[in-house]
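Work through the following exercises with the sequence and the model open side by side, and try each task before reading its solution.

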There are 2 protein chains.
Amino acid sequence: MILGIDIGGTSVKFGIVSEQGEISRYKKFSTDEWVSHHGFIPSLIEEIKKITISVPEIKGIGIGFPGLLSADRRKVIMLPNIPSVENVPVVEMMKNEFPDLLIKIENDAKCAVLGEYHFGANKGLDNFMLVTLGTGVGSGAIINRQLFLGARGNAMEIGHIFMPDGKTLEQHIGSNHLLEYAAEVISKANPDSTGLKRTKLTGLVALQKAAKAGDVSAIEIYNYAGNLIGETLTSVIRVLDITTILFGGGISEAFEFFAPSIKSRLNKNLPPYYSKSVALKKASLSNEAGLLGAAGLIMHEKVL
Amino acid sequence: MILGIDIGGTSVKFGIVSEQGEISRYKKFSTDEWVSHHGFIPSLIEEIKKITISVPEIKGIGIGFPGLLSADRRKVIMLPNIPSVENVPVVEMMKNEFPDLLIKIENDAKCAVLGEYHFGANKGLDNFMLVTLGTGVGSGAIINRQLFLGARGNAMEIGHIFMPDGKTLEQHIGSNHLLEYAAEVISKANPDSTGLKRTKLTGLVALQKAAKAGDVSAIEIYNYAGNLIGETLTSVIRVLDITTILFGGGISEAFEFFAPSIKSRLNKNLPPYYSKSVALKKASLSNEAGLLGAAGLIMHEKVL
């Protein structure tokens with residue numbers, strides 16, 4: 001049995017993952033609480049101790065971190081949400097604490113890719129990219145059945161690609177930014193526009209609901225997001241020649257509303273060699289891709 | 001001995017390449033003449049026949065094409081300069097003509113990368129990108145000592161990445177476009193600016209000479225090019241995490257004039273993890289990188 005741990009800016013998720021990708025003993029903790037109480041690493045070790053004592057069948061631990069990792073995958077070198085972990089030899093510390101367990105770490109977006117690759121509906125797909133649309137915009141890729149790490153280990157940071165206005169993709173469509181933009185659009189909208197203007201917009205769920213109800217403003221907001229994603233993906237496709245693209249994360253629930261504008265932007269920007277092969281899909285694992293992929297690090301040794 | 005053939009939009013170059021990267025029996029033909037007289041492929045076969053008869057020691061032929069190749073490297077699927085070759089089973093045809101020879105084809109910019117990798121001053125470098133600044137803007141990469149092909153075989157088409165104004169990098173700084181821009185700048189320049197305004201600008205050599213002489217307009221033109229290259233490389237670095245970048249092609253002769261603005265743009269755009277490692281260098285092989293790399297396709301079998 002493998003323990004998968006998905007560390008995010010908001011929460012830390014634990015789960016025991018079976019070969020078939022079933023999650024048991026799922027637990028969720030607040031990242032901030034860990035940081036402010038006992039410190040992040042001591043809290044992490046304590047929680048792992050508890051679970052490994054109660055489930056002695058655990059053979060290994062895979063951990064996903066939302067930051068840049070060292071090329072040798074021994075530590076996290078940039079972790080804006082939990083700076084106290086930066087440059088700490090986290091794998092070595094874990095190995096000292098749990099000498100009988102196999103321990104691996106990886107970037108969280110890359111874990112999500114591994115989750116889709118090993119356990120998702122597109123399991124075993126030779127080449128694809130996963131774009132995770134959440135608070136942040138992460139991404140990762142499988143190229144020739146291998147997790148693509150790039151030259152120094154931190155490939156696929158596409159959320160940080162700049163848009164023409166000098167802001168990054170994430171600064172436009174990271175969920176908080178997208179909701180700010182939505183508030184702006186709504187405040188300017190025609191009062192006759194259905195729904196959104198009258199029903200106060202409280203978040204992504206409301207936005208998606210409004211789009212489903214045919215609200216013009218909501219649809220415009222998703223088109224805006226889709227166009228920016230399409231613009232960024234044009235560059236990424238030119239660099240990687242990957243044309244199968246999955247979308248995960250909270251915003252991807254509204255896939256049907258932003259996918260058409262991505263598709264038409266790619267059709268406009270790219271010659272048929274690329275655009276004919278473009279396949280945009282909703283990722284299959286929703287929120288647990290990262291946790292499953294973290295476990296996959298151990299289960300499928302060859303990926304590292 | 002290996003026959004290297006570098007096919008370009010303007011000329012086709014032949015050369016016999018030794019293990020050490022020495023070129024002998026160098027020959028150059030006009031691409032247009034081949035196309036308009038006997039047709040491109042018949043001319044190519046005829047020329048190969050002549051040279052293989054007079055040099056029977058030739059064991060293999062490597063050919064670089066300025067276009068997109070099929071994933072299986074049997075044919076060229078997009079070749080704007082010589083459309084008659086598109087989708088022709090060129091490797092099979094060559095094998096029928098020359099059954100005793102090993103025959104391989106590759107994209108020309110990727111050949112140039114292999115040239116630098118096998119024969120250049122940076123020989124054996126684990127990870128680098130080569131950007132070829134000529135009539136077109138090509139590029140290729142070595143990642144973990146392997147030619148990077150991407151998912152479907154045509155990675156690294158960075159010249160076609162869009163700039164904020166909707167034109168591609170190549171449409172800005174491909175040599176003809178850059179010279180157009182230069183003419184515009186010069187026509188507007190202060191008449192007191194040294195050199196360029198008075199000495200009519202006739203091409204890249206004149207532009208470089210003027211920059212060397214300290215001409216303000218010429219220096220401004222290279223800054224302009226450097227900024228656009230830096231903007232594009234920002235995205236490419238985020239996707240590939242490669243920070244060693246070589247520059248080849250005609251415009252790269254003026255490396256000292258455009259490199260500083262690339263460097264400062266990357267410093268501005270990227271966090272220290274990337275920018276601290278950025279190393280910009282002039283490629284070492286100048287014009288024959290493509291020819292050498294084409295030969296390298298055969299010499300270093302493992303690259304394909």
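The exercises below concern a predicted model, and they go from one strand and its partners to the nonpolar core.

**Exercise 1.** Determine how many residues of strand S2 (residues 11–17) of chain A are buried, and on which faces they lie.

*Solution.* Begin with the cut-off, by which a residue counts as buried when its relative accessible area is under 20%. Seven of the seven residues of S2(A) are buried, so the strand is largely enclosed by the rest of the structure. Next, separate the two faces, recalling that in a regular strand the side chains alternate between the two faces of the sheet. On one side lie A:Ser11, A:Lys13, A:Gly15 and A:Val17, and on the other A:Val12, A:Phe14 and A:Ile16, all of them buried, which leaves both faces of S2(A) covered.

**Exercise 2.** Identify the strands that pair with S2(A), and describe each connection.

*Solution.* Take strand S1 (residues 2–7) of chain A, which runs antiparallel to S2(A) and is joined to it by six bridges; here A:Leu3 has A:Ile16 as its bridge partner, and three residues separate the two strands of this hairpin. Then take strand S3 (residues 23–30) of chain A, which also pairs with S2(A) in the antiparallel sense, over six bridges, with A:Ser30 of S3(A) opposite A:Ser11. In this second hairpin five residues lie between the strands, and A:Gly21 takes a positive phi near 85°.

**Exercise 3.** Find the residues with the most contacts inside the largest nonpolar core, and the helix that gives the most to it.

*Solution.* This core has 103 residues, and those with the most contacts inside it are A:Leu240, A:Phe247, B:Leu240 and B:Phe247. Helix H8 (residues 216–240) of chain B gives the most to this core, contributing twelve residues.

Methods
Residues numbered from 1 in each chain as written. Chains lettered and ligands numbered in written order. Predicted model: local features only at pLDDT ≥ 70, side-chain atom pairs only at ≥ 80, totals over all residues. Heavy atoms only, no water. Core = buried A, V, L, I, M, F, W, Y, C linked by side-chain atoms within 4.5 Å. Buried < 20%, exposed > 50% of the residue type's maximum accessible area, 1.4 Å probe, protein only. Helix = DSSP H or I, 4+ residues; strand = E, 2+ residues; numbered from the N terminus. Pairing = 2+ DSSP bridges.
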